[in-house]
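Got the viewer open? Here's a short tour, one selection at a time.

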Amino acid sequence: MLRLVSSAETPEMSSDATAANERLEAVYREHFDFVWRSVRRLGVPEAAVDDVTQEVFVVVARRLHTFEGRSSLKTWLFGLAMRVVRLYRRTTWRFERKRRAAQVAIGDDGHDPWNQADAARVLLHLLDCLPDHERAVYVLGELEGMTTAEVAEGLQINPNTAYSRLRSARKRMQQAVARRLAADAREGGA
Amino acid sequence: MSNEARRLEELIAAERAVGRPDGDAVERIWPRVQARVRGELPPPPFTRGGLRVVPAVVVAVVLALGAGAVGYAFGVGSEDAPSVITVATPPEEVPAPAAATRSHAEERRDAADAPSTPSNDAVGRDAVDAARATSRRDGNPTTGRRAAAKRPAAKAKHTGARAEDTPSELELVRNARAALARGQHRDALDWIARWREHSGRMLDEEARAIEAAGLCASGRTHAGLEAAAALRSAHPHSAHERLVQKHCPAQ
């Protein structure tokens with residue numbers, strides 16, 4: 001295929017760009033699932049997960065040369081995903097608030113919350129009860145199965161802090177499940 | 001394991017099983033990533049910002065405060081506006097009532113004609129004289145200098161062209177109260193004397209209380225008790241009664 005090369009682009013720069021693109025593609029193919037899952041678990045609605053994941057990799061393309069390997073690539077990507085998700089939330093918070101209010105009003109689209117197909121969505125809904133810093137630890141530690149040390153290293157926090165956040169998040173999640181069960185019992189009784 | 005914990009485990013297992021992208025997502029999104037990197041595709045709407053409510057509010061508040069501070073400092077819009085530049089100007093600088101009737105233009109002309117800051121010099125001399133008197137009384141020369149430095153008359157920093165600016169009534173009363181709290185009763189009375197020159201005098205109750213307390217505390221008990229009686233007649237249920245009682249002996 002004929003490729004147009006601008007007059008300012010030297011062959012050396014072109015080879016650098018090609019190498020960077022190959023590295024980006026390798027990272028993309030290896031970690032796409034993880035980033036997609038993380039974006040979803042950090043609270044982005046299904047319809048926007050693809051867009052946000054795409055933006056995470058756009059940021060990766062810009063920043064990949066700054067990755068120094070002090071943490072694992074996976075947790076570095078998670079940090080970028082957190083920032084992009086925060087940006088997403090900040091700009092769509094009005095819409096999101098209405099969406100969640102509507103979701104509560106109609107009771108999660110009327111699905112049976114304990115069926116396999118809908119259980120994942122219920123979990124994501126329950127994750128909304130966690131503050132952001134606990135949510136990040138919970139997603140990495142509990143859902144991705146990372147150790148507390150890995151979580152702490154990836155999020156650049158003290159291991160003890162990571163552990164206490166994880167413990168607090170577990171407690172909150174159990175309380176949320178208990179509330180959910182109680183609500184289901186009331187609806188079933190009525 | 002409790003029922004909630006077991007349910008939670010089930011939910012997590014379901015999320016791990018179901019929560020993954022569809023089969024062609026990798027191939028579908030990769031061209032879009034490349035196009036975005038090359039700048040051929042516009043960014044999605046959420047990356048373009050929109051109204052950042054919190055930063056916008058912060059910027060608005062900062063601008064408002066900045067404009068207010070500038071207006072406050074330079075007395076914009078009002079002849080009686082308080083000025084931070086002259087907060088610490090001494091009571092002695094306030095022109096006498098007769099002099100106060102002169103126009104601002106005359107005062108500015110006088111200030112411009114003066115060789116240096118005459119009022120400041122005069123104030124400084126007064127302060128030094130008072131300090132020397134204190135020093136002689138205490139037998140300690142440094143005490144006098146310190147007293148002069150802390151006295152309101154010695155605090156003057158800006159005089160001359162802006163000598164007509166006066167501190168607000170609130171600042172005068174606040175300074176008087178602070179001086180009283182520091183035990184500098186004469187200073188407190190000086191500030192109150194200056195407050196009497198003020199045109200507003202909305203803080204009459206507080207100023208009278210400070211005056212009574214200052215008089216009593218400085219040894220002028222009779223005058224202090226008279227001032228306290230005047231306060232009680234003007235403000236029978238004054239909230240500052242405790243301040244007066246603290247310094248003035250019971251009648």
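Before the first stop, a word on patches: they are made of residues with over 30% relative accessible area and no salt bridge, and nonpolar side chains are joined into one when they lie within 5 Å. Keep in mind, too, that you're looking at a predicted model.

**Stop 1: a patch on chain B.** Select B:Val57, B:Val61 and B:Leu65. Together these residues form a nonpolar patch on the surface, with about 280 Å² of accessible area. Now keep just B:Leu65 highlighted: you'll find B:Leu65 in helix α3 of chain B, which covers residues 53-74. Is B:Leu65 buried or exposed? B:Leu65 counts as exposed, because its relative accessibility is 59% and the cut-off for exposed is over 50%.

**Stop 2: where the chains meet.** Color chain A and chain B separately and look at the contact. Chain B puts in 36 residues and chain A puts in 44 residues. Between them the two chains bury about 3,600 Å², with 66% of that on carbon and sulfur atoms.

There's polar chemistry here as well. How many salt bridges are there between chain B and chain A? The count is 6. For one to zoom in on, pick A:Arg29 and B:Glu27: their side chains meet in a salt bridge, at 2.8 Å from N to O. Residue pairs in polar contact between chain B and chain A, both at pLDDT 80 or more, come to 11.

Next, select α1 (3-18) and α2 (25-38) of chain B, the elements that give two or more residues to the side of chain B touching chain A. The largest share of that side comes from α1(B), with 13 residues.

**Stop 3: chain A on its own.** Hide chain B for a moment. Chain A has 7 helices and 0 strands, so to speak nothing but α from the N terminus on: α-α-α-α-α-α-α. Of its 190 residues, 44% are buried. Take the contacts in chain A between residues at least 6 apart in sequence: 65% of these join residues at least 24 apart. As for the outside, the accessible surface of chain A comes to about 10,500 Å², and 52% of it belongs to carbon and sulfur atoms.

**Stop 4: a buried arginine.** Bring chain B back and select A:Arg40, which sits in helix α1 of chain A (residues 11-41). A:Arg40 counts as buried because its relative accessibility is 6%, and buried means under 20%. What does A:Arg40 touch, leaving out residues up to four places away in sequence? In chain A, the partners are A:Glu46, A:Val49, A:Ala120 and A:Leu124; in chain B, they are B:Glu15 and B:Gly19.

Definitions and conventions
Residues numbered from 1 in each chain as written. Chains lettered and ligands numbered in written order. Predicted model: local features only at pLDDT ≥ 70, side-chain atom pairs only at ≥ 80, totals over all residues. Heavy atoms only, no water. Patch = residues over 30% accessible without salt bridge, like charges linked within 9 Å, V, L, I, M, F, W, Y side chains within 5 Å. Areas by Shrake-Rupley, 256 points an atom, 1.4 Å probe, with all protein chains shown as cover. Salt bridge = Lys/Arg side-chain N within 4 Å of Asp/Glu carboxyl O. Helix = DSSP H or I, 4+ residues; strand = E, 2+ residues; numbered from the N terminus. Buried < 20%, exposed > 50% of the residue type's maximum accessible area, 1.4 Å probe, protein only. Contact = heavy atoms within 4.5 Å. Buried area = accessible area lost by both parts, 1.4 Å probe. Polar contact = N/O pair within 3.5 Å; in protein donor to acceptor, adjacent residues only side chain to side chain.
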